[in-house]
Amino acid sequence: MAAAMASQGERAVLEEEFKWLLQEEVHAVLRQLQDILKEASHRFALPTSGSGGTVKQENFVLSTSGTDQVKGVMTLQGDALCQADVNLKMPRNNQLLHFAFREDKQWKLQQIQDARNHVNQAIYLLMNRDVNYQFKTGLEVLKLMDAVMLQLSRARNRLTTPATLTLPEIASSGLTKMFTPTLPPDILVNFYINLNKLCLTVYQLHVLQPSTTKNFKPAGGSVLHNPGAMFEFGSQRYEVSHVHKVECVVPWLNDALVFFTVSLQLCQQLKDKISVFSSYWNYRPY
């Protein structure tokens with residue numbers, strides 16, 4: 001009898017704790033997540049709808065220690081590269097080539113745009129419930145956390161996992177038409193985000209003669225292609241002779257990645273607390 005009463009008392013205490021968790025702590029965590037993700041969204045430096053604000057321009061120097069084959073100065077404005085100046089020293093004759101964006105062109109960095117969209121979707125999910133809304137079950141909270149974590153994981157992955165492209169895809173990219181003077185046919189360029197870095201890759205090519213193409217094996221998709229990679233574009237076959245990668249750290253991208261990590265940890269901690277109570281209801285013998 002005493003054991004049964006103790007069990008009932010213990011259950012009553014746990015029910016009160018769980019009720020407090022659903023009514024108070026869940027909302028406190030949601031507010032904390034909203035604050036963190038709004039800071040993350042602000043880091044992307046894009047004006048909100050109707051704000052009319054202008055986005056500041058940031059200049060970055062792209063280089064790699066130990067080599068001066070490629071140097072670049074990029075101007076980033078939100079999710080767009082609005083200016084780019086690239087100097088390329090050709091290894092064969094040390095000829096210096098200079099390319100810059102045309103004044104009427106800018107290059108959208110889809111990774112940044114997508115990451116910000118996922119952050120805003122996570123914020124929408126968190127704000128979609130009034131502060132007076134009462135969560136009735138742990139499952140309801142778990143579903144919300146899973147939905148938020150999915151958006152945050154997608155946002156993080158867009159920055160940490162650059163797209164794999166084939167060399168023909170890079171060659172046919174609109175990026176090749178943005179420069180003045182026009183890029184020569186034996187030069188390819190690609191911009192992308194990798195973690196907290198803005199990266200520029202320059203590929204130098206040489207034309208494969210018909211007599212040397214019997215072992216032609218076109219390369220597949222990759223973030224970074226190596227010398228020796230072959231591809232066909234138009235009616236011509238090429239091989240990559242030199243690859244130059246330069247990069248620079250974008251501090252606010254690093255901030256955003258930290259915010260994503262902290263937010264994901266908060267979501268998981270709340271899920272773990274809910275799971276502790278759920279396991280008690282499911283497995284505790286009465």
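In the predicted model, the lining of the largest pocket draws at least two residues from each of β5 (107-108), α2, α4 (167-171) and β7. The largest share, four residues, is contributed by β7. The volume of this pocket is about 280 Å³. Its lining comprises 17 residues, and Q111, A163, L165, N190 and F191 are those that lie nearest the centre. Sorted by class, 10 of the lining residues are nonpolar, four are polar and three are charged.

The second largest pocket encloses about 150 Å³ of space. Strand β7 appears again here, since β7 and β9 (230-233) each supply at least two residues of the lining. The residues that line this pocket are A171, T176, L183, P184, P185, I187, L188, L205, F231, F233 and Y238. By class, the lining divides into 10 nonpolar residues and one polar residue, with no charged residue.

One cavity of 30 Å³ or more was found, and the volume of the largest cavity is about 30 Å³. Two elements, β3 (80-89) and β7 (187-194), give two or more residues to the lining of this cavity. The lining is made up of V86, L88, F99, F179, L183, I187, V189 and V202. These divide into eight nonpolar residues, with no polar and no charged member. L183 and I187 line the largest cavity and are also listed in the lining of the second largest pocket.

F179, one of the cavity-lining residues, is also prominent in the nonpolar interior. The largest nonpolar core contains 69 residues, of which M74, M145, F179, F191, L198, L200 and F260 touch the most other members. Helix α5 (residues 251-283) provides the largest share of this core, 12 residues. When residues up to four places away in sequence are set aside, F179 touches V86, F99, A100, F101, R102, V189 and F191. A second, separate core has 10 residues, including I170, A229, F231 and V240. F231 of this second core also lines the second largest pocket, whereas F191 of the largest core lies among the residues nearest the centre of the largest pocket. In soluble globular proteins, nonpolar side chains tend to be buried together.

The geometry of two helices was compared with expectation. Helix α3 (residues 138-160) has 23 residues, which at 1.5 Å a residue should span 33 Å; the C-alpha atoms at its ends are 32 Å apart, in agreement with that value. The buried residues of α3 are G138, E140, V141, L142, L144, M145, V148, M149, Q151, L152, A155 and L159. M145, buried in this helix, is among the residues that touch the most other members of the largest core. For helix α2 (residues 110-127), 18 residues should span 26 Å at 1.5 Å a residue, and the end C-alpha atoms are 26 Å apart, which agrees. Buried positions in α2 are Q111, I112, D114, A115, R116, H118, V119, A122, I123, L125 and L126. Q111, buried in α2, also lies among the residues nearest the centre of the largest pocket. An α-helix has 3.6 residues a turn, so residues three or four places apart point the same way.

Several loops show backbone features or contacts of note. The peptide bond from T180 to P181 is cis, with omega near -5°, and P181 lies in the loop between β6 (179-180) and β7. On the other side of β7, L195 is found in the loop that leads to β8 (197-207). L195 has a positive phi, near 60°, although it is not glycine. Most residues other than glycine have a negative phi, and most peptide bonds are trans. With a relative accessible area of 42%, L195 is partly exposed.

Two further loop residues were examined with respect to positions distant in sequence. G174 lies in the loop between α4 and β6 and is partly exposed, with a relative accessible area of 38%. The C-alpha atoms of G174 and W107 are separated by 8.8 Å, although the residues are 67 apart along the chain. In the loop between β8 and β9 lies Q209, which counts as partly exposed at 47% relative accessibility. Q209 and Q236 are 27 residues apart along the chain, and their C-alpha atoms are separated by 9.0 Å.

Technical notes:
Residues are numbered from 1 along each chain as its sequence is written. This is a predicted model: local features need pLDDT of at least 70, side-chain atom pairs count only at pLDDT 80 or more; totals for chains, interfaces and linings use all residues. Side-chain values use heavy atoms; hydrogens and water are left out. The expected span of a helix is 1.5 Å times one less than its number of residues. Buried means under 20% relative accessible area, exposed over 50%, partly exposed in between (1.4 Å probe, protein chains only). On a 1 Å grid over the protein atoms alone, a cavity is a set of points where a 1.4 Å probe fits but cannot get out, and a pocket is an open set with protein on both sides within 12 Å along at least five of seven lines; lining residues have an atom within 4 Å of a point. Grid points are joined across faces, edges and corners, and a volume is the space filled by probe spheres set on the points. Ala, Val, Leu, Ile, Met, Phe, Trp, Tyr, Cys and Pro count as nonpolar, Asp, Glu, Lys and Arg as charged, and the others, Gly among them, as polar. A nonpolar core is a set of buried Ala, Val, Leu, Ile, Met, Phe, Trp, Tyr and Cys residues joined through side-chain atoms within 4.5 Å. Contact means heavy atoms within 4.5 Å.
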